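Work through the exercises below with the structure open beside you. Try each task before reading its solution.

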Amino acid sequence: MNLLEVSVADLLLLLEGLKAAAPACLVTVESTQGSAPREAGAWMAVFADGLVGTIGGGHIEHQAIAEARRRLRGVQGAAQLRYALGPALGQCCGGVMHLGFEVVGAQHVADLKQRLAPTRHPVALFGGGHVGHALARVLAPLPFALTWIDSRDGVFPPHPPGDVACEHSDPVHSAVPGLAPGSRVLIMSFSHAEDLDVVAACLQRQRAQGDLSFIGLIGSQTKWATFANRLHGRGFAPHELAQVTCPIGVPGIRGKEPEVIAVAVAAQLLQTVQDARVPRPMQAPDQAVDVRAQ
């Protein structure tokens with residue numbers, strides 16, 4: 001089970017538990033300062049006899065579970081508590097976590113389903129070669145909604161990883177106008193001619209709509225110099241060409257193996273992802289109360 005599936009599975013477990021009329025206390029990381037074990041938006045649901053999800057483990061989670069179970073017993077408290085992750089708490093992160101607490105029940109199922117659904121960012125991967133296969137496997141467990149596109153038949157695996165959507169498009173660049181707004185585009189087809197056509201289609205879409213978050217082309221600086229010259233001949237200005245990243249992948253990783261390239265490219269995409277939206281409490285929280293080690 002991949003990371004995104006784990007997040008979805010946790011949400012389903014929470015909703016099923018609530019539907020069974022078992023109340024829970026939802027603990028949400030509202031914000032952080034400095035080093036912290038989880039990011040804003042992470043959550044766990046504490047039942048009287050069970051736990052779903054995690055806010056990072058360690059003593060901070062132990063204290064949050066204890067606080068959540070006090071809420072389930074009817075003890076009142078501030079909607080948000082501040083935890084300093086220092087020696088007094090038995091953790092050396094050095095940061096601060098603001099945790100929100102809210103008791104939820106079956107009546108909140110619809111709201112929680114919408115609020116806690118994991119954010120997934122659209123990615124369009126053009127090319128079903130060795131690197132494309134490796135990249136699809138790497139991206140599947142990450143917070144991306146992947147559409148995998150190729151002009152050839154029979155290039156996709158019979159059982160694509162995760163819930164990757166495979167799409168046949170001939171000519172391949174005709175798929176560009178239908179991409180989801182905000183898509184991150186990765187171009188690595190079997191042919192330089194196809195690559196060039198896909199890049200041109202992406203730049204044309206940027207000129208008209210400006211809604212692609214990233215355009216990445218596999219290849220060397222020499223390949224990009226050739227492409228840039230040809231794209232200039234098609235009427236694209238230097239500032240438009242500057243929207244294309246080539247080579248792709250975080251700097252400093254020199255391996256040429258498909259799996260190595262895939263990891264480098266996935267890391268680069270993660271750098272482009274904005275902070276996930278933070279689930280908001282159903283009521284405005286009181287001012288955060290500082291929690292000391294117990």
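The exercises use a predicted model and deal with one strand, one helix and some salt bridges.

**Exercise 1.** Find which strands pair with strand S9, and in which direction they run.

Solution.
1. Start with strand S6, residues 121-126: four bridges join S6 to S9, and the two run parallel. Within this pairing, Ala-124 stands opposite Val-185.
2. Go on to strand S10, residues 214-217, which is also joined to S9 by four bridges and runs parallel with S9. Here Val-185 stands opposite Ile-215.
3. Follow the chain from S9 to S10: the path goes through helix H5, residues 192-208, and this β-α-β crossover is right-handed.

**Exercise 2.** Decide whether the two faces of S9 are covered or open.

Solution.
1. Take one side of the strand, with Arg-184 and Leu-186; both are buried.
2. Take the other side, with Val-185 and Ile-187; these are buried as well.
3. Both faces of S9 are therefore covered, since a residue counts as buried under 20% relative accessible area.

**Exercise 3.** Describe helix H5: its length, its ends and its surroundings.

Solution.
1. H5 has 17 residues and reaches 24 Å from its first C-alpha to its last, close to the expected 24 Å.
2. At the N-terminal end, Ser-191 acts as a cap, with a side-chain oxygen 3.1 Å from the backbone nitrogen of Ala-193.
3. Just after the helix, Gly-210 has a positive phi of about 60°.
4. Buried residues of H5 include Leu-196, Val-199 and Leu-203. Among the elements that cover the buried residues of H5 are S6, S9, S10 and helix H6.

**Exercise 4.** Find which salt-bridge partners H5 has in helices H6 and H7, and state how far apart in sequence each pair lies.

Solution.
1. Recall that side chains of opposite charge can pair when their charged atoms come close.
2. Lys-223 and Asp-195 form a salt bridge, at 2.9 Å from N to O. Because Lys-223 lies in H6 and Asp-195 in H5, the pair ties together parts 28 residues apart in sequence. Both Lys-223 and Asp-195 are buried.
3. Glu-240 and Arg-207 form another salt bridge, at 2.8 Å from N to O. Glu-240 is in H7 and Arg-207 in H5, 33 residues apart.
4. Compare the accessible areas in this second pair: Glu-240 is buried, with a relative accessible area of 8%, whereas Arg-207 is partly exposed, at 43%.

Key
Residues numbered from 1 in each chain as written. Predicted model: local features only at pLDDT ≥ 70, side-chain atom pairs only at ≥ 80, totals over all residues. Heavy atoms only, no water. Buried < 20%, exposed > 50% of the residue type's maximum accessible area, 1.4 Å probe, protein only. Pairing = 2+ DSSP bridges. Right-handed = clockwise from strand over helix to strand, strands pointing away. Expected span 1.5 Å × (residues − 1). Contact = heavy atoms within 4.5 Å. Polar contact = N/O pair within 3.5 Å; in protein donor to acceptor, adjacent residues only side chain to side chain. Salt bridge = Lys/Arg side-chain N within 4 Å of Asp/Glu carboxyl O.
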